[in-house]
Structures are given as C-alpha cells and as structure tokens.
Protein chains: 2
Amino acid sequence: MTTTVLVCDDSPAVRESFRKSLSTLSEIERVTAAGSGEEVLARYPLERPDVVLLDVQMPGMGGVEAAKRLVSSHPDATIVMLTMGEDVDGVSEAIEDGARGYMAKNVSVEELASTMTLVLASNAELPGQRGEINRPGGRPPVLTEREQQVLDGMSRGRSNAEIGRELFLSEDTVKTHARRLFRKLGASDRAQAVAFGFRWSFLR
Amino acid sequence: MTTTVLVCDDSPAVRESFRKSLSTLSEIERVTAAGSGEEVLARYPLERPDVVLLDVQMPGMGGVEAAKRLVSSHPDATIVMLTMGEDVDGVSEAIEDGARGYMAKNVSVEELASTMTLVLASNAELPGQRGEINRPGGRPPVLTEREQQVLDGMSRGRSNAEIGRELFLSEDTVKTHARRLFRKLGASDRAQAVAFGFRWSFLR
DNA sequence: CCTAAAGTCACCCGATCGAGTGACCGATAT
DNA sequence: ATATCGGTCACTCGATCGGGTGACTTTAGG
C-alpha cells in the first residue's frame with residue numbers, strides 16, 4: 001500500500017515513540033517526523049503523507065493552527081490530532097477545521113493500529129488510487145472542443161494571444177473560452193486549470 | 001496498439017480512399033479526416049493522432065505551412081506528407097520543418113502498409129508509452145525543495161504572494177524560486193511549468 | 001417557439017506575472 | 001581559497017491575466 005505517515009510533536013521522545021510503534025504495523029510503509037507546525041506545512045507538499053499525526057500543543061504555531069492552514073492549502077490532507085487529554089476544546093476546533101479524528105498520546109500499539117486502520121479505511125471510501133484522490137469532487141466536467149484546445153494551449157505555455165493565432169481566433173475570444181473553462185474546472189488561474197486538466201485526463 | 005491516423009486532403013475522394021485503405025490495416029485503430037490545414041491544426045490537440053497524413057497542395061493554408069505550424073505547436077507530432085508527384089520542393093521543405101516522410105497519393109495498399117509500419121516503428125524508437133512522449137528531452141531536472149513547494153503551490157492555483165504566506169517567505173523570494181524553476185523546466189509560465197510538473201511526475 | 005449553450009468579438013480595469021538586476025548569506029565543492 | 005549553488009529579499013517595468021459586462025449568431029433542445 002505504501003502508506004506513509006508524518007508525525008509532528010515538539011517532543012523528540014513522543015516522535016520516536018510513535019515512529020517505533022507505527023513501524024511495527026505492517027500497513028505502514030514509511031514514517032517521517034516533524035518538530036513544529038511550520039515544519040509540517042513545509043514538508044507536507046514534498047512528502048504527501050497519507051496521514052498526518054499532529055500534536056495539539058506545541059510552541060510556536062499550535063497544532064490547531066497548523067491543521068487549519070494545512071487543510072486550507074491541502075483540502076485532501078488526512079489529519080489526526082494528538083492530545084495529552086485535557087485540550088478537548090482545541091481538538092474539536094481542529095476537527096471542525098478538517099481533522100479526521102484524534103488520539104491520546106499514550107495509546108497502546110493496539111489502539112494505534114485500530115485507529116490507523118479506521119482512518120485509512122475511511123480514506124478507502126474515496127476513489128482509492130493516488131492521483132484519483134487529487135481529483136476535485138463530483139463528475140468530470142464536460143469541456144467543449146474550444147475549451148479543450150485553449151486548455152491545451154495553456155499547457156504548452158502559450159499566451160492567450162498566441163492561442164488565438166494558433167486557432168485563428170481573436171485574443172478576446174480565447175479569453176472568453178478560458179473564463180468558461182476556469183468556471184467548469186473550478187480553477188482560479190491557468191496553472192490550476194492545467195493541473196485539473198491532467199487530473200481529469202484532459203491533458204497528457 | 002490503438003494507433004490513430006488523421007488524413008488531410010482537400011479532395012473527399014482522396015480522403016475516403018486513404019480512410020478505406022488504412023482501415024484494412026490491422027494496426028490502425030481509428031482514422032479521422034480533415035479537409036484543410038486549418039482543420040488539422042484545430043483537431044490535432046483534440047484527437048492527438050499518432051500519425052498525420054498531410055496533402056502538400058491544398059487551397060488556403062498549404063500542407064507545408066500546416067506542417068510547419070503543427071510542428072511548432074506540437075513538436076512530437078508525426079507527419080507524413082502526401083504528394084501527387086511533382087512538388088518535390090514543398091515536400092523537402094516540410095521534411096526540413098519536421099515532417100517524418102512523404103508518400104505518393106496513388107500508393108498501393110501494400111506500400112501504404114509498409115510506410116505506416118516504418119513510421120510507427122521509428123516512433124517506437126522513442127520512449128514508447130503515451131505520456132512519455134510528451135516529456136521534454138533529456139534527463140529529469142533536479143528540483144530543490146523550495147522549487148517543488150513553489151511548483152506545488154502553483155498547481156493549486158495560488159499566487160506568488162499566497163505561496164509566500166504558506167511557506168513563510170516573501171513574495172519576492174517565491175518569485176526567485178519560480179524563475180529558477182522555469183529555467184530548469186524550460187517553461188515560459190506557471191501553466192506550462194505545472195504541465196511539465198505532471199509529465200516529470202513532480203506533481204500528481 | 002423560445003430558451004440555453006456555444007462560439008465569436010469588444011472594452012474596461014485592477015491584479016499578477018515574469019524578466020532583469022543586484023545583493024547578502026551559508027554550505028559545499030573544487 | 002574560491003567558486004558555485006541554494007536561499008533569502010528588494011526594486012523596476014512592461015506584458016499578461018482574469019473579472020465583469022454586453023452583444024450578435026448558430027445550433028440544439030424543450
């Protein structure tokens with residue numbers, strides 16, 4: 001399954017503890033560790049772990065803030081909060097912001113295993129394969145020929161004017177198709193449109 | 001193999017003739033037809049045929065000009081020029097511009113078959129799989145962590161300022177990483193950078 | 001029959017981008 | 001010992017982008 005986990009806690013002891021426990025689980029392929037919320041935000045896009053275990057209380061950016069920012073930049077991130085026990089308020093806030101669950105730091109290996117299984121199972125409700133996960137929700141949008149041609153031009157680094165020249169259209173017309181394309185894909189700019197184009201297999 | 005061919009000739013009779021002949025070849029999956037150079041340029045990005053058969057002499061945009069424009073926008077296109085026999089000058093010009101070969105319009109089915117086999121075989125010298133073909137030449141560039149993070153942000157539709165906020169960097173710093181990223185990928189803007197990101201598997 | 005969708009083109013406007021340049025720092029390589 | 005590379009930040013400038021709006025036409029659908 002190549003399941004990877006990113007553990008974040010300011011205490012090296014806790015990180016090592018989780019790393020060791022997680023390594024004993026057969027479904028976990030790789031475990032990496034971070035010591036701060038900032039580090040999590042920096043590493044997430046590089047490692048793209050399947051699950052992030054995030055301590056609630058940390059110096060600097062707390063786990064709740066880190067969860068919030070992580071969710072806003074990566075809505076598909078799977079986050080499980082770690083708590084010592086008494087910060088119920090922070091946990092519930094993080095869960096409202098998108099964390100999938102919580103767990104006490106002093107869990108047994110058995111509890112850890114069942115929690116991870118549960119979280120990964122709920123992941124399995126999603127399309128499943130990596131690459132499917134990044135797809136925006138809902139059914140694939142239907143693009144017109146023009147929209148596909150414009151998207152294709154964008155992916156080749158062409159400006160709207162250049163695309164117009166290639167397709168024998170005015171730049172303004174290209175912009176109209178581009179605007180409709182963005183709406184259909186839910187993209188905010190051409191870079192994101194190209195990304196969605198690949199994820200929906202409009203581009204190769 | 002799902003090999004597809006796009007035939008372009010201003011004469012419907014010639015188009016139909018090639019369509020029929022090509023259909024008898026087992027390695028050809030699908031044949032589509034166009035009646036002008038403009039149509040070829042418009043349809044290519046939509047159909048992405050494996051081979052384009054292009055008549056040299058056509059009203060409006062000639063086959064040579066069409067080949068030139070097609071190659072400039074799609075360097076990986078495989079083009080075979082079709083000639084009645086006397087336009088050697090145009091054929092050689094098209095070949096210099098990127099066409100893979102030429103063929104007389106009155107070829108027998110056997111000659112057609114051997115030419116297609118040859119062209120498809122020389123295609124096989126390339127990486128092979130669709131999706132590999134679109135990769136820029138050379139070895140995959142080595143991106144730094146920052147460059148990957150910036151690329152990731154771009155694929156999510158973030159502006160440079162937003163990426164800066166996510167990574168705790170100034171917008172100017174993000175722009176510097178973006179510029180270096182473009183250089184390494186050979187991209188002219190963020191949309192193309194994202195496209196290359198997917199093709200090099202930096203993005204998913 | 002009329003509406004909706006797609007295609008075409010135009011004008012305005014503020015935000016963003018990308019190029020170019022220069023600079024300082026630390027680590028690594030030569 | 002010095003050069004290179006990656007990371008950081010700043011400033012300028014012209015080009016491009018994306019939003020908003022409106023309008024005309026054709027085709028398809030209800």
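Leaving aside its neighbours within four places in sequence, which residues is Glu47(A) in contact with? Leu6(A), Arg30(A) and Thr32(A). Bear in mind that this is a predicted model.

Let me stay with that residue for a moment. Glu47(A) sits in helix H2 of chain A, residues 37-47. Is Glu47(A) buried or exposed? Its relative accessibility is 16%. The cut-off for buried is under 20%, so Glu47(A) counts as buried. Its side chain also has a polar partner: a polar contact of 2.8 Å joins Glu47(A) to the side chain of Arg43(A).

Now over to chain B, and strand E1, residues 3-8. How many of its residues are buried? 6 of the 6, so E1(B) is largely enclosed by the rest of the structure. Look at the two faces. Thr3(B), Val5(B) and Val7(B) point one way. Thr4(B), Leu6(B) and Cys8(B) point the other way. Both sets are buried. As a reminder, side chains in a regular strand alternate between the two faces of the sheet.

Which strands does E1(B) pair with? One is E2(B), residues 28-34, joined to E1(B) by 6 bridges. Those two run parallel. Within that pairing, Val7(B) stands opposite Ala33(B). Another partner is E3(B), residues 51-55, with 4 bridges, and this pair is parallel too. Here Cys8(B) has Leu54(B) as its bridge partner. Then add helix H1(B), residues 12-23. E1(B), H1(B) and E2(B) together make a β-α-β unit, and it is right-handed.

On to the DNA. Strand C to begin with. 19 residues surround it. The nearest are Thr144(A), Arg146(A), Ser170(A), Thr176(A) and Arg190(B). What share of the strand C atoms within 4 Å of the protein belongs to sugar or phosphate? 66%, and the rest belong to bases.

Three side chains to look at here. Arg146(A) has an N or O atom 2.7 Å from a phosphate oxygen of strand C. Thr176(A) goes to a base: an N or O atom of its side chain is 2.9 Å from a base nitrogen. From chain B, Lys175(B) has a side-chain N or O atom 3.2 Å from a base oxygen. As for elements, those giving two or more residues to this surface are H6 (145-155) and H8 of chain A, together with H8 of chain B. H8(A) gives the most, with 6 residues. By type, the surface near strand C divides into 10 charged, 7 polar and 2 nonpolar residues.

Now DNA strand D. 18 residues surround it. Closest are Arg190(A), Thr144(B), Arg146(B), Thr173(B) and His177(B). Of the strand D atoms within 4 Å of the protein, 61% belong to sugar or phosphate, and the rest to bases.

Again, individual side chains. Lys175(A) places a polar side-chain atom 3.1 Å from a base oxygen of strand D. For Arg183(A), the distance is 3.1 Å to a phosphate oxygen. His177(B) has a side-chain N or O atom 2.9 Å from a phosphate oxygen. The elements contributing two or more residues near strand D are H8 (171-185) of chain A and H8 (171-185) of chain B. Which element gives the largest share? H8(B), with 6 residues. The surface near strand D divides into 9 charged, 7 polar and 2 nonpolar residues.

That is the tour. Questions welcome.

Notes
Residues are numbered from 1 along each chain as its sequence is written. Chains are lettered from A and ligands numbered from 1 in the order in which they are written. This is a predicted model: local features need pLDDT of at least 70, side-chain atom pairs count only at pLDDT 80 or more; totals for chains, interfaces and linings use all residues. Side-chain values use heavy atoms; hydrogens and water are left out. Buried means under 20% relative accessible area, exposed over 50%, partly exposed in between (1.4 Å probe, protein chains only). Two strands pair if DSSP finds at least two bridges between them. A crossover is right-handed if, with the strands pointing away from the viewer, the path from the first strand over the helix to the second runs clockwise. A residue is near a molecule or strand if one of its heavy atoms lies within 4 Å of it. A polar contact is a pair of N or O atoms within 3.5 Å; within protein, one must be able to donate a hydrogen and the other to accept it, and residues adjacent in sequence count only if both atoms are side-chain atoms. Ala, Val, Leu, Ile, Met, Phe, Trp, Tyr, Cys and Pro count as nonpolar, Asp, Glu, Lys and Arg as charged, and the others, Gly among them, as polar. Contact means heavy atoms within 4.5 Å.
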